[in-house]
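Colleague: Got a minute to go through this model with me? I'd like to start with helix packing.

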Amino acid sequence: MSPGPGAHSAPAPAPTTMFSSLKIRNYRLFATGQVVSNTGTWMQRIAQDWLVLSLTGSASAVGITVALQFLPMLLFGLYGGVLADRLPKRQLLVATQLAMALTGLALAALTLSGHVQVWHVYLTAFLLGLVTVVDNPARQSFVAEMVGPEQLSNAVSLNSANFQSARLVGPAVAGVLITAVGSGYAFLLNGLSFIAPLAGLLLMRTGELHKIERAPRGKGQLREGLKYVAGQPELIWPIVLVGFIGTFGFNFPIWLSAFVNNVYHSGASTYGLLNTLMAAGSLAGALLAARRGTSRLRVLVIAAMLFGVLEIVTAFAPQFWIFAVLLVPIGMFGLTVNVTANSSIQMATEPAMRGRVMSLFMMVFVGGTPLGAPLVGWITDTYGPRIGFAAGGAVALVAAIGVGVMLARVGGLRLKIDLRRGRRHVEFVRREELATAA
């Protein structure tokens, strides 16, 4: 029956398109600033590693630099989440972006003046890691304040696309700068690049932000956050899955450099090509996630399983071109895992707890690297790049299957197999539906 002439239907929610979050002015300012500073960050990463290598001649020193940058997240990540829940996020981000700019400018001054020593780089990397402890959960949870729940999944995906776009451009620009004028100017441009996000944050219309109740100052907030996550399967199991994949499945600098040196006997240009192919796949995965608009745990588990299978298959690729091409879908499914876990966890979390939950997510995903990398490196050195790469994929696959089974049990799902023509042969259905069919 059609509605009468006087009837009014409720307005339909705005459809989610690939770039729908960019229609929101505050998020548009934020994303513009981030693409500039992310490009600078990738420039600094490349220049920092090259500077340490040129000062020491040691690959181990480069590894120490990377570990120092990630170590604060492992040690203090949860405390950063408490601060992000307690303090106004926009003002907090202004402070962290300013601090990051100063670390880049300090390293630029030391390098350009010719006084830089390797301990300066170590100290700068550690300080940058300390700032990231607060910046990361504040930035992740601030997205919800800018776009609201309807566009949250899309905005998280666009943030990842933003980061991967910078990953395509930043290293290339850094390579040209280092060759032409030295690492110091890459650090200088990175420090100056933070002007863009600072301007974006200051130009935001605070009245258009979605109001989020902040957590009051009090004792036991860290414990409260951990208890909150542990009591919700839709939070704890995705975090467990991301922890395994981040610790054992994302050690690409170790694997790709080993394949380039020991399997394909090539040089830095080949290493750059392989990283570019993976970044292209990651960018495609982020854009597809943005277009999808929703974040389902089913997508997370399937993407993680495919990620693990692809790593195992790629490890034993018989020819270079097959190995190189397979890195594109590995990048795509790896990014899909990250984005889907991020947005589904944010959407399942109460606003007042979001900073602490996201700090745990980042601590597990990023902080696992200093723990997993030495073990993965030892396996790769001892048994060869192919076994090392396949081992990382096997851990990711087993973790995905295990978490998938746990989520199915929690959701009351059972595997249904139907071999009749025209039917979906394998699917998860609820227990009561399976009983009715039987």
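Modeller: Sure, we can take a helix pair and then a couple of residues.
This is a predicted model, where local features need pLDDT of at least 70, side-chain atom pairs count only at pLDDT 80 or more, and totals for chains, interfaces and linings use all residues. Numbering starts from 1 along each chain as its sequence is written, and side-chain values use heavy atoms, leaving out hydrogens and water.

Colleague: How do the axes of H9 and H14 cross?

Modeller: The axes of H9 (residues 233-249) and H14 (residues 354-367) cross at roughly 30° and come within 7 Å. Axes are lines fitted to C-alpha atoms, for helices over the stretch in contact, with angles from 0 to 180 degrees between N-to-C directions. Helices are DSSP runs (H or I, at least four residues), numbered from the N terminus.

Colleague: So which label does the pair get?

Modeller: H9 and H14 are roughly parallel, as angles under 35 degrees count that way.

Colleague: Which residues meet there?

Modeller: From H9, Ile-239, Val-242, Gly-243, Gly-246 and Thr-247 meet Leu-360, Phe-361, Val-364 and Phe-365 of H14 (contact is heavy atoms within 4.5 Å).

Colleague: Switching topic: is Ile-330 buried or exposed?

Modeller: Ile-330 has 1% relative accessibility, so it counts as buried (under 20% relative accessible area, 1.4 Å probe, protein chains only). Ile-330 lies in helix H13 (residues 320-347).

Colleague: What is Ile-330 in contact with?

Modeller: Beyond neighbours within four places in sequence, its contacts include Phe-252, Met-278, Phe-307 and Phe-389.

Definitions and conventions:
Helices (H or I, at least four residues) and strands (E, at least two) are DSSP runs, numbered from the N terminus. Angles under 35 degrees count as roughly parallel, over 145 as roughly antiparallel, 65 to 115 as roughly perpendicular and the rest as oblique. Buried means under 20% relative accessible area, exposed over 50%, partly exposed in between (1.4 Å probe, protein chains only).
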